[in-house]
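Dear colleague,

I am passing on the structure we spoke about, and below it you will find my notes on what turned up when I went through it. Please read them with the structure open beside you.

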Amino acid sequence: MERPFRESEKLVIYGLAQDAQLTDSSLARRFGMKESTVSSIRRRLMDSRNIYFANVPSFHNMGCELIVQLYGSSNPAVPKDVKDASHLTFLDSTPEVFDSVSGEGFIMMSGLFRSFSDYVTALDRYDRHFIGLRAAERADLRSVFFPLAISKVCYSYNFAPGLHRIFGLDVPKPQPKRPEHFEVENVELSLMEKRTLVNLAEYPHATDAQIASLIGKSRQTVTNIRKRLERKGMFTRVCIPLLLTWNIDLIAFVHLRFRPDLDYETRASLSSGDWVDLSWYTLERETEAYTTYMFKDYKDYISEMQRMLKPLVDSDVLRGDPNIYLISTAAAKELRDCHYAPMARKFLGLGGDDTRFSHYPRVGM
């Protein structure tokens, strides 16, 4: 969509970012529009890929114990497309990485692992992949660990507050989705529930009837299974805006380290404010945090980043300067985007892949 978004389009994007389950009639009532207008806008936004949906599996309910955020610099002398191609080959053999973005001289990867051993195995695979002729294409990766037992995470995305700020909407500010603590457990699922969950992750735009054709069951059976999975808290449906839009030019990936000598009350009081509320993907534990932000342009970045981090800097709670990687949306490439199905298939013990539905659009740019 090359033209600027209309106000009505911004409202629909914002509303769905708040709650991806909202119907057209609910959105129409919320923003004072006709249901037919909302339906037309939603269809147009999806057709142009300005929004898409994802079913985010609840991996803490599959026994996952660890989220790792990897980021670092890459060799600026190597062409970006060459580095991207090498990393895509690595990612093809690493289902635990569900999100990865490259910029000019930068790459980040988000991964979920059932154990620290699985993480080490993946890192060893990275080292083996980038030796010999590929040595110059590797990145100088840094790993930030967030064991779920001692961390708070928001891995199902928090886009609405940032969009409200960027769009300048004349509606009340949304309630942010702040990081939460999740208990790690293995929820018991039947084989059909596992297969349905994997297909919901793989094909988030598919209807129950289309999923039914994949697993050889009736539409009503799939509807019942999906509702049962929702009751068990096995996935969350989210709406994701395409950030390569006319008014979001920059993305910042920020790694914060907190002083280890802070008392519990002081540290707990820091888990609020815009540095958390405006981040759309947040990982946090006692001594570290990882956040992501969107900005209209460089001027917006300078003013907003300073404003958000000023309370932390002024209160002397940080251990060293924040590590901030700023990339242009024009130069960014999604190497992995909501790539949940391979990971879910591995964690649930399902082999093979359903390919009969490969023509259906997948999540991604």
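**Asparagine 55 and its surroundings**

Leaving aside its neighbours within four places in sequence, asparagine 55 is in contact with Leu200, Ala201, Pro204, Phe235, Thr236, Arg237 and Tyr340. Please keep in mind throughout that this is a predicted model. Asparagine 55 belongs to strand β1, which covers residues 51-57, and it counts as buried because its relative accessibility is 3%, where the cut-off for buried is under 20%. Two of the contacting residues also take part in polar interactions with the asparagine side chain: the backbone oxygen of leucine 200 is reached at 2.9 Å, and the side chain of arginine 237 makes a polar contact with the side chain of asparagine 55 at 3.0 Å.

**Salt bridges**

Side chains of opposite charge can pair when their charged atoms come close. Across the whole structure, the search finds 22 salt bridges, and I describe some of them here.

One of these joins arginine 228 to glutamate 193, with the closest N and O atoms 2.7 Å apart. This pair links distant parts of the chain, since arginine 228 sits in helix α9 (residues 219-231) and glutamate 193 in helix α7 (residues 191-202), 35 residues apart. The two partners are described by different accessibility classes: arginine 228 is partly exposed at 30% relative accessibility, whereas glutamate 193, at 3%, is buried.

Helix α12 holds further pairs of this kind, among them arginine 307 with glutamate 304, whose side chains meet in a salt bridge at 2.7 Å from N to O. Both residues lie in helix α12, 3 residues apart, which is about one turn of the helix. Arginine 307 is partly exposed, at 37% relative accessibility, while glutamate 304 is buried, with a relative accessible area of 13%.

In helix α12 there is also a salt bridge between aspartate 314 and lysine 310, with the closest N and O atoms 2.5 Å apart. Because aspartate 314 and lysine 310 are 4 residues apart in helix α12, about one helical turn separates them. Aspartate 314 counts as exposed, at 53% relative accessibility. Salt bridges that share partners also join Arg165, Asp274, Asp300, Glu304 and Arg307 into one network.

**A nonpolar patch at the surface**

Which residues make the nonpolar surface patch of about 260 Å²? The patch is made by Tyr298, Ile302 and Leu326. Tyrosine 298 is found in helix α12, which runs over residues 298-314, and it is exposed, with a relative accessible area of 52%.

**Two residues with positive phi**

Finally, I would draw your attention to two loop positions. Tyrosine 157 has a positive phi of about 80° although it is not a glycine, and it is placed in the loop between β6 (151-154) and α6 (160-167). With 6% relative accessibility, tyrosine 157 counts as buried. Cysteine 338, likewise a residue other than glycine, has a positive phi near 55° and is found in the loop between β12 (333-336) and α13 (341-347). Cysteine 338 counts as buried too, at 4% relative accessibility.

With best wishes

Technical notes: Residues numbered from 1 in each chain as written. Predicted model: local features only at pLDDT ≥ 70, side-chain atom pairs only at ≥ 80, totals over all residues. Heavy atoms only, no water. Buried < 20%, exposed > 50% of the residue type's maximum accessible area, 1.4 Å probe, protein only. Polar contact = N/O pair within 3.5 Å; in protein donor to acceptor, adjacent residues only side chain to side chain. Contact = heavy atoms within 4.5 Å. Patch = residues over 30% accessible without salt bridge, like charges linked within 9 Å, V, L, I, M, F, W, Y side chains within 5 Å. Areas by Shrake-Rupley, 256 points an atom, 1.4 Å probe, with all protein chains shown as cover. Salt bridge = Lys/Arg side-chain N within 4 Å of Asp/Glu carboxyl O.
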